Amino acid sequence: MRIALFITCLNDTLFPATGRAVVTLLERLGCRVDFPPEQTCCGQMHFNTGYQRDCVPLVRRFAEAFAGYEAVITPSGSCAAMVREYHGRVAEVSGDDRLSAAVRDTPRVYELSEFLVDVLGVTDVGAYFPHRVTYHPTCHSLRMLGVGDRPLSLLRAVRGIDLVELGAADQCCGFGGTFALKNADTSVAMCTDKVRHVLDSGAEVLCAGDNSCLMHIGGALSRLRTGVRVMHLAEILASTEKRPVHGAEEPSPAPWRGTERTKTS
């Protein structure tokens, strides 16, 4: 199977360790992963803000970059949902029949946990992470993709983990991309509720499948000096007893994140 990694612009710019973790994990499971360098933004921010026509070049580039692959894997439920649910709409708005055909021929985009559980048929990925962890199901993965308990099944199989329940887990964290900018007070109130539930869980680490939500919640956790780290699901699943990916050779910690990252070449 020809697999491509869609890293997303947020991860590529701010959280490259997540992309490396995805590749480490998939290669451990016997997959060969390509990274098409032509890829860029999926257009979600433009689309959600009402600039649908401005998405057209991004959708066209996405279709061209990932043509010929059998599956595209992304560590982002929100970006996977954008491609699967709305790229067809953008192509329709463009009035370009060739773009519509290209979008229809684009390989299926899988959120990471979907690919691991549904395609590879695994839940035990050989991970070791001896920490107390709670999981936040992000809105797009929960409501648009319907990933269900796939991430939890993967986390339960991690050796050494103490997985604890998050209260009101299905409630939005308040990020929502530009929502957090346009409705800052509401966003902060929602995030405050989420932080309270995280602290009530007693977890050392908050895990999710979208770094955008972790960035939002992690900022609040850091400002309150809670000591709770945030980590992407891929980073926990890529961790092993010998060399935890989240702390390997990365010199510049993001103060709210509690993990380190390297510069990309």
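This report looks at the largest pocket of a predicted model and at helix H12, which helps to line that pocket.

Let's start with the pocket itself. Its volume comes to about 770 Å³, and 32 residues make up the lining. Nearest the centre of the largest pocket you will find Gln44, Phe175, Gly176, Gly177 and Ser212. By residue class, the lining of the largest pocket divides as follows.

| Class of lining residue | Count |
|---|---|
| Nonpolar | 17 residues |
| Polar | 14 residues |
| Charged | 1 residue |

Several helices take part. At least two lining residues come from each of H1 (9-14), H3 (44-48), H5 (77-94), H8 (139-145), H10 (179-182) and H12 (211-223). H12 gives the largest share, with 4 residues.

That makes H12 a good place to look next. Its 13 residues should span 18 Å at 1.5 Å a residue, and the end C-alpha atoms are indeed 18 Å apart, so the expected and modelled spans agree.

How enclosed is H12 by the rest of the structure? Largely so, because 10 of its 13 residues are buried. The buried residues of H12 are Asn211, Ser212, Cys213, Leu214, His216, Ile217, Gly218, Gly219, Ala220 and Leu221. Ser212 is thus on the buried list of H12 and also among the residues nearest the pocket centre.

The cover over these buried residues includes helices H1, H2 (16-28) and H11 (184-201), together with strands E7 (205-208) and E8 (229-232). H1 therefore appears twice here: it covers buried residues of H12 and supplies at least two residues to the pocket lining. Just beyond the end of H12, Arg225 adopts a positive phi of about 55°.

Methods. Residues are numbered from 1 along each chain as its sequence is written. This is a predicted model: local features need pLDDT of at least 70, side-chain atom pairs count only at pLDDT 80 or more; totals for chains, interfaces and linings use all residues. Side-chain values use heavy atoms; hydrogens and water are left out. On a 1 Å grid over the protein atoms alone, a cavity is a set of points where a 1.4 Å probe fits but cannot get out, and a pocket is an open set with protein on both sides within 12 Å along at least five of seven lines; lining residues have an atom within 4 Å of a point. Grid points are joined across faces, edges and corners, and a volume is the space filled by probe spheres set on the points. Ala, Val, Leu, Ile, Met, Phe, Trp, Tyr, Cys and Pro count as nonpolar, Asp, Glu, Lys and Arg as charged, and the others, Gly among them, as polar. The expected span of a helix is 1.5 Å times one less than its number of residues. Buried means under 20% relative accessible area, exposed over 50%, partly exposed in between (1.4 Å probe, protein chains only). Contact means heavy atoms within 4.5 Å.
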